[in-house]
Amino acid sequence: MERGVTSVVRLPPGFRFHPTDEELVVQYLKRKVFSCPLPASIIPDVNLARFDPWDLPGGCEEERYFFSLKEAKYPNGNRSNRAARSGYWKATGKDKAIKSAAAGVGQVVGMKKVLVFYRGKPPAGAKTDWVMHEYRLAEPGSRACLFPQRKNSTHSCAMPTGDWVLCRIFKKKRATDTDADAEGDEAVANHKGMMRFIDFMGERDRDGRHHHPAAACASNSSCLTELSDGCSSGGEESSSRKLPLG
């Protein structure tokens, strides 16, 4: 086991962990803060200051969730320490309020902060594609615990056990040149495979019903024009040929 990481229960193959913001705050973070039983022990405790995002437990191609204790940047200050092993996390945008319909009409139960990871030291760090959603309780000083304890449980739900936050970390995906080329080739293939036919005789209307043509083709036989795929080179007009219908 890596230093600074607690063990967790692994989900069986085929199962995915995709909680909503409200579920993360109410069902996991609040229970963690008040030492109440968690729905499942699948979120480990991690000291984020010891890791770069790509070194955290779990696969780099999927979202990962962690509990972490907030550390003050200065002994007498309120600013959080955002430093990591080879860079730092920088907040971006405004915090988003997480509301719960179960707790009350429009009641705010938590806040979500978005951070981006930078390599190097501030303020000259290089921005990366790694993103963190940091969830915290709206009222960390609340004494109430709304969750029932298990029978014979020794946990106490009366007092918060620490300034815990819940973090969702993932790498933002970008569209690659290979994907763009593949989409372009598919579009060209579909265009070349299309064949357009024009009913010069007007034998069918838009509903597909037959009717008598008002004028006949210039020759004695009916004819159909097949369009070429595109314009010919050298400024020449695209050629067409007549195909007999009978």
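Five strands make up an open sheet here, in the order 1-5-4-3-2, with antiparallel pairing. Strand 1 and strand 2 sit at the edges with a single partner strand each, so one side of each has no neighbour in the sheet. On average, neighbouring strands are turned by 25° against each other, direction ignored; the axes behind that angle are lines fitted to C-alpha atoms, and angles run from 0 to 180 degrees between N-to-C directions. This is a predicted model: local features need pLDDT of at least 70, side-chain atom pairs count only at pLDDT 80 or more, and totals for chains, interfaces and linings use all residues. Residues are numbered from 1 along each chain as its sequence is written, and side-chain values use heavy atoms, with hydrogens and water left out.

**How the strands pair**

- A quick note on terms: helices (H or I, at least four residues) and strands (E, at least two) are DSSP runs numbered from the N terminus, and two strands pair if DSSP finds at least two bridges between them.
- Strand 3 (residues 107-119) runs antiparallel to strand 4, with nine bridges, and one bridge joins Gly-110 to Leu-137 of strand 4.
- The hairpin of strand 3 and strand 4 has six residues between the strands, and Gly-120 takes a positive phi near 95° there.
- On to strand 5 (residues 164-171): strand 4 pairs with it in the antiparallel sense over six bridges.
- Within that pairing, His-133 is bridged to Arg-168, and Tyr-135 has Leu-166 as its bridge partner.

**What's covered**

- Strand 4 (residues 126-137) is mostly covered, with nine of its 12 residues buried; buried means under 20% relative accessible area, exposed over 50% and partly exposed in between (1.4 Å probe, protein chains only).
- Helix 1 (residues 21-33) has buried residues too, among them Leu-24, Val-25, Tyr-28, Leu-29 and Val-33.
- Those buried helix 1 residues pack against strand 1 (64-69), strand 2 (87-100), strand 3, strand 4 and strand 5.
- Just after helix 1 comes Ser-35, with a positive phi near 60°.

**How far to trust it**

- The protein chain has a mean pLDDT of 74, and 57% of its residues reach 70 or more; pLDDT is the predictor's confidence in each residue, from 0 to 100.
- Confidence is highest in strand 4, at a mean of 97, and lowest in strand 7 (residues 223-226), at 44.
- Over residues 213-241 pLDDT stays under 50, and the model has 36 contacts beyond four places in sequence for them (contact means heavy atoms within 4.5 Å).
- Where pLDDT is low, the predicted coordinates shouldn't be read in detail.
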